[in-house]
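This note is intended for a colleague who has the sequence and the coordinates at hand. Please read its points alongside the structure shown here.

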Amino acid sequence: EKLIDTVNKACGFSSQPQTNQIAEPKPGGNELGEIVGKSPEIVEIAKLIGQVANSDAAVLIFGESGTGKELVARAIHRSSRRKNNAFLSVNCAALPETLLESELFGHEKGAFTGAYFKRIGKFEQANNGSLFLDEIGDMSMLTQSKLLRVLQEKELERVGGSETINVDVRIIAATNKSLVQCMKEGTFRVDLFYRLKVVSIYLPPLRE
């Protein structure tokens with residue numbers, strides 16, 4: 001009887017209007033998608049999204065795995081002037097160095113063994129849009145150097161190519177690592193860190 005009563009209460013609760021409203025960023029857009037909540041932390045994150053969305057400033061999102069870093073990145077894109085252009089995502093920890101380089105910058109036919117066709121990288125695909133680089137702390141030093149050049153010069157060369165390609169992409173990066181510790185260990189470039197961390201957003205875990 002107690003179990004049935006509990007289930008009935010739960011069913012009744014789920015049929016009621018949700019009390020947690022979507023936290024709207026102010027100023028700026030209000031398309032936060034699946035980000036909901038009214039805790040001070042969520043409200044502050046919503047405000048940050050609204051403040052940075054319409055700029056082209058790079059954003060670095062910190063937080064443990066599962067805290068919703070990509071949701072915040074998508075919310076920034078949806079609230080920005082780039083919202084009608086591409087939003088692409090790359091997990092830097094999921095690909096080995098050679099494949100990640102090709103994924104980001106593309107490659108020319110014959111650039112390496114198995115490169116049977118020219119590939120357009122994510123930077124070119126996301127031109128005039130946003131590119132989300134997840135787990136940026138796992139990127140190799142070589143690829144970090146090439147990423148830094150794109151951020152500084154807004155241009156790139158495909159792997160195995162010599163043509164300079166201009167790109168206009170807003171970078172939103174995320175990490176579950178301490179990049180400060182990575183810099184101390186010599187596995188993350190200091191100059192890239194400050195290029196990415198123009199604006200930083202911390203996502204607290206649910207237990208907080």
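The points below cover a central strand, one of its residues, salt bridges, a helix pair and two backbone angles.

1. Status of the model. The structure is a predicted model. The remarks that follow should be read with that in mind.

2. Strand S3 and its neighbours. Strand S3 comprises residues 130-134 and is mostly covered, with five of its five residues buried. On one side S3 pairs with strand S2 (residues 87-91) in the parallel sense, over five bridges; within this pairing, valine 90 has leucine 133 of S3 as its bridge partner. S3 is also joined to strand S6 (residues 170-175) by four bridges, and these two strands likewise run parallel.

3. The two faces of S3. In a regular strand, side chains alternate between the two faces of the sheet. In S3, Ser130, Phe132 and Asp134 point one way, while Leu131 and Leu133 point the other way. Residues of both sets are buried.

4. Phenylalanine 132. This residue is located in strand S3 and stands opposite isoleucine 172 of S6. Phenylalanine 132 has a relative accessible area of 0%, and therefore counts as buried, the limit being under 20%. Leaving aside residues up to four places away in sequence, phenylalanine 132 touches Lys69, Glu70, Ala73, Phe87, Leu88, Ser89, Val90, Ile172, Ala173 and Ala174. Lysine 69 is 63 residues from phenylalanine 132 along the chain, and their C-alpha atoms are separated by 9.7 Å.

5. Salt bridges within helices. Side chains of opposite charge can pair when their charged atoms come close. The whole structure contains 15 salt bridges. One of these joins the side chains of lysine 9 and aspartate 5, at 3.5 Å from N to O. Both residues belong to helix H1 (residues 2-14) and are four residues apart, about one turn of the helix. Lysine 9 is exposed, with a relative accessible area of 57%, whereas aspartate 5 is partly exposed, at 39%. Helix H3 holds a further pair: the side chains of arginine 74 and glutamate 70 meet in a salt bridge at 3.0 Å, N to O. Arginine 74 and glutamate 70 are again four residues apart, about one turn of H3. Both are partly exposed, arginine 74 with a relative accessible area of 34% and glutamate 70 with 28%. Elsewhere, salt bridges with shared partners join Asp56, Arg81, Arg82 and Asp168 into one network.

6. A salt bridge between loops. What do arginine 82 and aspartate 56 tie together? Their side chains meet in a salt bridge of 3.1 Å, N to O. Arginine 82 lies in the loop between helix H3 (69-78) and S2, and aspartate 56 in the loop between helix H2 (40-52) and strand S1 (59-63), so the pair ties together parts that are 26 residues apart in sequence. The two partners differ in burial: arginine 82 is buried, at 3% relative accessibility, while aspartate 56 is partly exposed, at 41%.

7. Packing of H2 and H3. Two packed helices are described by the angle between their axes and the distance between the axes. For H2 and H3 the angle is about 40 degrees and the axes are 9 Å apart. At that angle H2 is oblique to H3, and the crossing is right-handed. Ile45, Ile49 and Val52 of H2 make the contact with Val72, Ala75 and Ile76 of H3.

8. The covered residues of H3. The buried residues of this helix are Lys69, Val72, Ala73, Ala75, Ile76 and His77. Their cover includes H2, S1, S2, S3, S6 and strand S7 (199-203).

9. Positive phi values. Glutamate 135 has a phi near 55 degrees, a positive value in a residue other than glycine. Glutamate 135 lies in the loop between S3 and helix H6 (141-153) and is buried, with a relative accessible area of 11%. Lysine 154 also has a positive phi, near 55 degrees, and is likewise a residue other than glycine. The place of lysine 154 is the loop between H6 and strand S4 (155-156), where lysine 154 counts as partly exposed, at 44% relative accessibility.

Notes: Residues numbered from 1 in each chain as written. Predicted model: local features only at pLDDT ≥ 70, side-chain atom pairs only at ≥ 80, totals over all residues. Heavy atoms only, no water. Buried < 20%, exposed > 50% of the residue type's maximum accessible area, 1.4 Å probe, protein only. Pairing = 2+ DSSP bridges. Contact = heavy atoms within 4.5 Å. Salt bridge = Lys/Arg side-chain N within 4 Å of Asp/Glu carboxyl O. Axes fitted to C-alpha atoms, helices over the stretch in contact; angles between N-to-C directions. Parallel < 35°, antiparallel > 145°, perpendicular 65-115°, else oblique. Left-handed = near helix turned anticlockwise from the far one by under 90°.
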